[in-house]
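Trainee: Could you walk me through this structure?
Mentor: Sure, pull it up and ask away.

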Amino acid sequence: MFTQTMFLSILPEILILVLGVIILIVEPFWKEEKRRNVGWLTAGGLLAAMLVSLLFARPGAPEMVFGGMLRFDWLGFFFKMLFMFAAAATALLLMDHEKAGYRGEAYLLLLASVLGMDLMAASADLVMLYLAIETTSIPLYVLAGFIVADDRSTEAGLKYLLFGAMTSAIMLYGFSLLFGFTGTTSTYKLAEMFAAGQVSLLTVLGVIFLLIVGLGFKVSLVPFHFWAPDVYEGSPTPVAGFLSTASKAAGFAVVVRLFFIAFPGFAPAWTMIFAVLAAVTMTVGNLLALSQTNIKRLLAYSSISHAGYALIGVVAFSPLGAASVIFYLAAYIATNLLAFGIVMAVSRVIGSDDIKDYSGLSRRNPGLALMMLAAFLSLAGMPPFGGFVAKIFVFAAGVQSGYVWLVIVGILNSIIGVYYYLNVLKYVYLYRMPNEDEENHPILLTRPYMIALVILALGVILIGTVFAPWFSWSDAGALNLF
Amino acid sequence: MNFPILSIITFTPMAAALIILMMPAQRKTEVRATALAAATFALLLSLWVYFNYDKGLAGYQFVERYNWLPALGISLHFGVDGMSAPLVLLTGVVMFTGVLISWGAYDEHHHLSAGIQDRPREFFAFLFLLASGVFGVFVSLDLFMLLFFYEIAVFPMYLLIVIWGWVQTREYAAMKLTLYLFIGSVISLVGVLVMYWTAGRATGIYTFDMLQLEKAGFSGAFQNLWFLPVFFGFAILGGIWPFHNWSPDGHVAAPTAVSMFHAGVLMKLGAFAALRVGIMLLPEGAKHWSWLIMLFAGVAVVYGAYIAFVQMDLKYMIGFSSVSHMGLVMLGFSTLNKAGLTGAGVQMFSHGIMTALFFAITGMIYDRSHTRQIPELGGISKVMPFATIGFIIGGLVSMGMPGFSGFVAEFPIFMGVWGAQWLVAVIASISIVITAAYIMRNIRQVFFAPMPEKLEGHITDITMLDRVAIATLCALMILIGLFPSLMVPLVSTGVDNILRLLGGA
């Protein structure tokens with residue numbers, strides 16, 4: 001039986017699929033130099049899909065669909081919107097990438113991966129979940145290694161693939177053990193089975209460890225983070241931005257749903273594990289970011305540390321904790337995409353990702369410098385940008401659940417963060433080009449960048465000032481977990 | 001709900017910053033004119049608030065309240081009381097005069113480049129963003145919003161100092177200042193979050209509203225534990241010894257208008273937040289730890305004055321004198337009695353105006369002579385008579401001379417300290433002598449000693465706008481000095497409220 005609810009629950013995915021098919025059909029007929037316009041099509045199509053879904057496919061009371069494979073609820077829906085927004089922005093940022101932007105496949109792979117992410121956020125069954133994760137990852141492996149002529153990109157693709165396949169196999173082993181112990185693959189039945197059955201804590205901890213390996217890779221927790229800097233540095237910049245935002249958020253969507261729903265009985269154990277991981281992730285990410293001279297590597301380490309901050313909300317294991325994670329990810333997606341978008345816009349003009357080469361940026365393009373200021377201050381957690389409120393919410397959730405020590409670790413880390421983020425801004429605003437002739441070297445933005453960056457910058461400021469609507473949506477999502 | 005004057009005051013600079021950012025970078029004069037217009041507007045509104053505050057009613061007035069995030073009890077709750085009304089006015093005055101003296105003058109013939117000549121658009125935008133944050137802290141009655149504005153007031157400092165600051169130390173000083181202040185604010189943040197949850201669990205109402213949190217009835221042990229991080233986290237920005245180290249470095253590296261803001265207003269921000277959040281929300285903790293504040297503040301007063309005395313750099317001297325004078329504010333807080341708190345309230349205003357004046361005049365001298373070393377200066381009074389008079393008036397205020405606002409502020413503080421602990425009053429009063437010594441020595445050398453040949457012919461007189469700024473600041477100090485009734489009764493209504501929270505001590 002195919003009911004209306006079932007249709008509505010996967011409406012965003014259907015629309016993405018339709019968009020993909022349209023691109024497949026249209027792209028070969030366009031002349032090669034026009035193929036970058038697929039980017040407009042992708043971004044426009046995704047925004048239209050978001051709009052349609054927001055108008056017609058909003059979830060009501062949570063409901064299991066497709067025989068318990070997916071769950072139709074606010075949690076999944078809000079994440080879906082976030083992923084689609086991130087993909088639309090990424091499509092715009094890809095358009096003027098010299099080597100990747102003129103090929104329709106890039107956009108198609110992007111769409112395939114968003115499709116997988118949407119399913120990740122909604123899946124309520126281990127089998128579905130695994131399929132969704134692979135649907136997400138495989139296109140991303142290709143995208144990371146998209147520039148075949150560039151050794152670093154190829155290396156990034158291969159490295160990502162090897163790490164990804166390895167950790168995903170470990171996670172799959174964890175899933176199969178779960179099925180073996182409980183006889184069910186439904187996330188929502190696992191908890192009952194644990195409560196009824198005689199599964200020892202040690203066994204469950206073993207399984208949890210296997211799951212953390214797989215998911216920790218996705219969200220790049222220390223010690224599963226080694227791939228991130230190399231892959232971000234090598235892959236096309238917009239793809240790196242997408243990897244560090246949407247892909248990470250998708251990982252968190254799974255973490256939140258899986259752990260909050262399936263293992264509530266073992267909460268003291270896994271929250272402790274996550275607390276330690278969060279502390280280590282924040283600290284290692286920030287300390288390694290301190291010495292970076294390449295801006296993409298700096299952002300890679302900073303994004304590792306941000307996974308640590310967001311994890312504080314998971315550790316809190318409370319409605320506010322879940323809401324704060326979701327809010328954090330929303331703010332972080334907008335902020336980090338903005339940062340990577342700027343890096344992309346700058347590097348295609350100056351041909352370098354060295355922080356040194358950002359000298360004089362504020363004189364070469366004051367508007368771009370201001371947006372960079374917004375992005376980096378938001379990453380540093382300064383108001384009136386999104387990062388400030390997001391950090392306060394996760395810290396508040398941490399304190400509420402009694403993890404004051406973890407919050408203090410987080411706070412010490414944000415101090416380190418302020419240092420290196422401001423350092424980059426020093427290059428942008430203070431230092432000058434060697435000949436002090438910035439007016440002869442303007443950095444011009446093409447239209448897609450202009451649009452994408454301005455929207456993202458406004459998003460960063462809106463999330464940081466008018467935070468009530470975003471929070472209430474995050475909260476609605478979080479309530480589906482309790 | 002009446003006219004939302006406090007929101008307008010708070011958001012005027014921010015709106016002006018946005019407008020300024022949208023103007024073309026080459027239209028420097030238009031940028032400055034817009035900045036001046038916005039600053040004048042904010043000043044007039046803050047004057048209106050100051051004089052329309054009803055002292056008979058007391059309490060929080062011009063209150064506005066909008067639910068911002070009801071789920072967590074965050075609201076945009078604005079209001080001023082007798083403590084914050086003078087500080088709002090102070091911010092308006094410093095903003096107005098800061099814009100005036102940043103306008104500057106450019107004269108190739110005399111190697112003169114005063115004020116802000118490089119990228120004034122960005123300068124005023126960042127400065128005004130900071131001003132919005134400052135106004136926001138002074139009027140916020142919601143703890144979340146207070147922190148929000150507090151951070152907004154802190155981070156533009158980094159850019160303002162690093163871009164327009166003194167070439168030799170700006171990078172070091174800007175980073176040091178930002179890290180100190182950020183550390184302070186996040187330490188307080190932990191305390192604030194703990195207060196939020198503890199109060200919520202006790203009363204069942206989860207709110208950041210300070211008027212509600214006042215009634216939370218935190219236990220004595222809780223207050224004693226959390227008072228320290230909350231109070232000292234904020235007090236770092238107030239320049240309290242031994243965390244004052246960032247402050248003189250920051251003053252010296254900052255461009256003139258930013259030094260004025262920094263010493264004139266930002267340090268009050270720290271003291272004010274420490275008072276409002278630390279002392280008013282955790283009164284038992286304040287009583288428990290008042291000896292420690294008194295100790296630190298007492299050291300700051302004497303030590304700051306002594307270090308100022310041995311400085312050869314004019315700006316460092318004023319920077320350390322600020323540490324000393326802010327020590328007096330903290331000393332006033334630590335007494336927890338009526339005289340001391342009232343004096344502290346007036347001192348915050350008086351010192352803000354005085355130090356803004358000092359930095360303005362120092363900036364004018366430096367722009368023309370390109371040195372701040374006191375021994376290398378001399379004879380300034382012949383070419384800049386107006387500035388000289390201004391500096392002397394500032395000096396008299398600094399020494400606490402009767403007839404000027406400094407006396408109105410310092411006398412009650414010492415009275416209060418005498419009541420609390422007479423020995424501290426005796427020791428702290430040494431600072432008055434040291435202050436008099438370095439101010440007099442400085443005036444003699446810089447303004448009245450014979451002018452070194454090097455400077456002969458290079459020094460030009462200050463501009464009309466500079467004179468307006470100096471006159472405004474001087475007039476305020478004399479007015480308060482001659483007519484203490486303009487400010488003291490107002491401040492004492494605020495103090496009554498604090499004393500009520502302290503249990504009618």
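What follows is a run of questions and answers on this predicted model.

Trainee: Let's begin with chain B as a whole. What radius of gyration does chain B have, set against a compact globule of 505 residues?
Mentor: A compact globule with 505 residues would come out near 23 Å, and chain B agrees with that. Its C-alpha atoms fill a box of roughly 70 × 55 × 40 Å along the principal axes. The radius of gyration of chain B is 22 Å.

Trainee: How much of chain B is buried?
Mentor: Take the contacts in chain B with a separation of 6 or more: 80% of them are between residues 24 or more positions apart. The secondary structure there comes to 19 helices and four strands. As for burial, the share of the 505 residues in chain B is 61%.

Trainee: Now a helix pair. How are α1(B) and α4(B) oriented to each other?
Mentor: Helix α1 of chain B covers residues 5-22 and helix α4 of chain B covers residues 120-139. Their axes come within 8 Å and cross at roughly 165°. An angle over 145 degrees counts as roughly antiparallel. So α1(B) and α4(B) are roughly antiparallel.

Trainee: And how many nonpolar residues are in the contact of α1(B) with α4(B)?
Mentor: On the α1(B) side you'll find B:L6, B:I9 and B:F11, among others, and they meet a set in α4(B) including B:F124, B:F128 and B:F135. The contact also has three polar residues and one charged residue. The nonpolar count is 16.

Trainee: Over to chain A. How does α16(A) sit relative to α19(A)?
Mentor: The axes of α16(A) and helix α19 of chain A, residues 447-465, come within 10 Å and cross at roughly 40°. That angle is neither under 35 degrees nor in the 65 to 115 range. So α16(A) is oblique to α19(A).

Trainee: What is the handedness of that crossing, where α16(A) passes α19(A)?
Mentor: First, who touches whom: A:M371, A:A374, A:A375 and A:S378 of α16(A) make the contact with A:L453, A:A457, A:V460, A:I461 and A:G464 of α19(A). By class that is seven nonpolar, two polar and no charged residues. As α16(A) passes α19(A), the crossing is left-handed.

Trainee: Which helix gives the largest share of the side of chain A that touches chain B?
Mentor: The contact takes 27 residues from chain A and 25 residues from chain B. On the chain A side, α16, α17, α18 and α20 each supply at least two residues. That side divides into 22 nonpolar, three polar and two charged residues. The largest share, ten residues, comes from α18(A).

Trainee: Is B:I462 buried or exposed?
Mentor: B:I462 lies in the loop between α17 and α18 of chain B. Leaving aside neighbours within four places in sequence, its contacts are B:M364, B:M384, B:F386, B:A387 and B:R467. Since 24 other C-beta atoms lie within 10 Å, B:I462 is buried.

Trainee: What about A:R257, buried or exposed?
Mentor: A:R257 lies in helix α11 of chain A, residues 237-262. Beyond neighbours within four places in sequence, A:R257 is in contact with A:L75 and A:T187. Because 27 C-beta neighbours fall inside 10 Å, A:R257 counts as buried.

Trainee: Now the backbone oddities. Which residues does a cis peptide bond join in chain B, with omega about 0°?
Mentor: Chain A has a cis bond too, joining A:P383 and A:P384 with omega about 0°. A:P384 is in the loop between α16 and α17 of chain A. In chain B, look in the loop between α8 and α9, where B:P242 lies. The cis bond there joins B:W241 and B:P242.

Trainee: A:S220 has a positive phi near 50° without being glycine. Is A:S220 buried or exposed?
Mentor: A:S220 is found in the loop between α9 and α10 of chain A. The cut-off for buried is 20 or more other C-beta atoms within 10 Å. With 29 such neighbours, A:S220 therefore counts as buried.

Trainee: And what is the burial class of B:H370?
Mentor: B:H370 also isn't a glycine and has a positive phi of about 60°. You'll find B:H370 in the loop between α13 and α14 of chain B. Because 14 other C-beta atoms lie within 10 Å, B:H370 is partly exposed.

Conventions
Residues numbered from 1 in each chain as written. Chains lettered and ligands numbered in written order. Predicted model: local features only at pLDDT ≥ 70, side-chain atom pairs only at ≥ 80, totals over all residues. Axes fitted to C-alpha atoms, helices over the stretch in contact; angles between N-to-C directions. Contact = placed C-beta atoms within 7 Å. Nonpolar A, V, L, I, M, F, W, Y, C, P; charged D, E, K, R; others polar. Rg over C-alpha atoms; globule rule 2.2 N^0.38 Å. Buried ≥ 20, exposed ≤ 12 C-beta atoms within 10 Å, placed from the backbone. Left-handed = near helix turned anticlockwise from the far one by under 90°.
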